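Let's take a walk through this fold together. Have the chain open in your viewer and keep a finger on the residue numbers.

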Amino acid sequence: MEMDTTDLIARARAGDHNAFRDLVQGHSHELQVHCYRILGSLQDAEDALQETLVSAWRNLGEFGQRSSLRTWLYKIATNRCLSMLRADSRRPRIAPPLPEATLPEPTGAGDAPPWLEPYPDVLLDHLVDQRPGPEARYETTEAISLAFITALQLLPPRQRAALVLRDVLGYHAAEVAQMLDATQESVQSALKRARATVDNHLADSSSTGSRRPGRQPDTAAEHRLVARLTDALERADLDALIELLATDVRLSMPPVLLEYRGIESAQRLFAAVTFGPGRTYRVVPTRANGQPAFGLYLADAHASVYRAYALLVITTAGDHITAITFFITDVMTRFGLPRTLPETD
């Protein structure tokens, strides 16, 4: 809401930190999601948000109220993200070794970038009331899905920013051009190329082959599928797990740049990595990117505990799983999950 900002802006310009906090706190969460979409990493998004707020504080005197405060903040955040994408710090992370596991031959190189991180659903509750503008082409839930975030990472930085501002947030082309210090013609050209790349990726990610796989998140069918997957993992029942997978299921493991596609490939991976001799697990359900997710804990052979092993994010269609992304980096604590679980409750 912009109706009560005039007094806050005046006080903040006079150096009132509390007024500035009140001014921006209603926008902070959505700005963090915006940065996450562009950067693909929650850690980087948090850094970008903090730098955005510092820049806004320092430059509040330049805010002429020709646009809304929200639009001004989005411009700062977008350009902060573009600067980060140009920086050396955005080089791919080094993939950690998989503990006690030898990977089978993959079907190809994965398209998920090594810096990709999941986004906890508990941080998305505020987006329910954030309706995109009239120019948006994507629904809010679709625009936070792991497939969509991955597709964005395939784009050059300015194409990525233009698509998010225009097709996710729904800004008009003239507004996007102003926010990116570009011409409308260059924005439209960037959008045309970006849309083709994203649409092709989403179609390839869907078992139906459609550009946008229909999803009814958090349904009774999804809950049943989650329960069956949990049971199969904790019983180390490979056959039961394979029954849940779509024939063209995709498995990926950021930051390892490998992909396993199809039932046979998935079976080899699970047999070699997940259900090796002596391996037992406990599973803690959670949600990420608007999708079911699991904290997977591996029993420690030398102590009476289960240790955090991976976070799994799954994509579903009907009563089957179409994709599983294994995050083998340390992301558990961001989901409020412990590093260890006791052997028994």
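What follows goes from a helix, to a loop, to a set of charged pairs.

Bear in mind that this is a predicted model, so read everything below as computed from its coordinates.

Start with helix H4, which covers residues 69-86. Does its length add up, or fall short? With 18 residues at 1.5 Å a residue, H4 should span 26 Å, and its end C-alpha atoms are indeed 26 Å apart, so the two figures agree. Now look at which side chains of H4 are tucked away: the buried set includes Leu69, Trp72, Leu73, Ile76, Leu82 and Leu85, and Thr71, Tyr74, Thr78 and Cys81 are also among the buried residues. What do they pack against? The partners are helices: H2 (17-39), H3 (42-58), H6 (157-168) and H7 (173-179).

While you have H2 in view, find Arg21 and Asp22. Their side chains meet in a salt bridge, 3.4 Å from N to O. Neither end is buried by the 20% cut-off: Arg21 is partly exposed at 45% relative accessible area, and Asp22 is partly exposed too, at 32%.

Next, move into the loop between H4 and helix H5 (146-153), where you'll come across Ala109. Is Ala109 buried or exposed? With a relative accessible area of 65%, Ala109 counts as exposed, because the cut-off for that is over 50%. Even so, Ala109 has company from far along the chain: Leu257 is 148 residues away in sequence, yet the two C-alpha atoms are 5.7 Å apart. Setting aside neighbours within four places in sequence, Ala109 is in contact with Leu257, Leu258 and Glu259.

That last contact, Glu259, is worth following. Glu259 is buried, at 11% relative accessible area, and its side chain meets that of Arg250 in a salt bridge of 3.0 Å, N to O. Arg250 is buried as well, with 10% relative accessibility, so both ends of this pair fall under the 20% cut-off. Glu259 also forms a salt bridge with Arg261, where the closest N and O atoms are 3.7 Å apart. Arg261, by contrast, is partly exposed at 30%. Which residues end up linked through shared partners? Salt bridges join Asp111, Asp204, Arg250, Glu259 and Arg261 into one network.

To put these pairs in context, a search of the whole structure finds 20 salt bridges; the Arg21 and Asp22 pair and the Arg250 and Glu259 pair are among them.

Key: Residues are numbered from 1 along each chain as its sequence is written. This is a predicted model: local features need pLDDT of at least 70, side-chain atom pairs count only at pLDDT 80 or more; totals for chains, interfaces and linings use all residues. Side-chain values use heavy atoms; hydrogens and water are left out. A salt bridge is a side-chain nitrogen of Lys or Arg within 4 Å of a carboxyl oxygen of Asp or Glu. Buried means under 20% relative accessible area, exposed over 50%, partly exposed in between (1.4 Å probe, protein chains only). Helices (H or I, at least four residues) and strands (E, at least two) are DSSP runs, numbered from the N terminus. The expected span of a helix is 1.5 Å times one less than its number of residues. Contact means heavy atoms within 4.5 Å.
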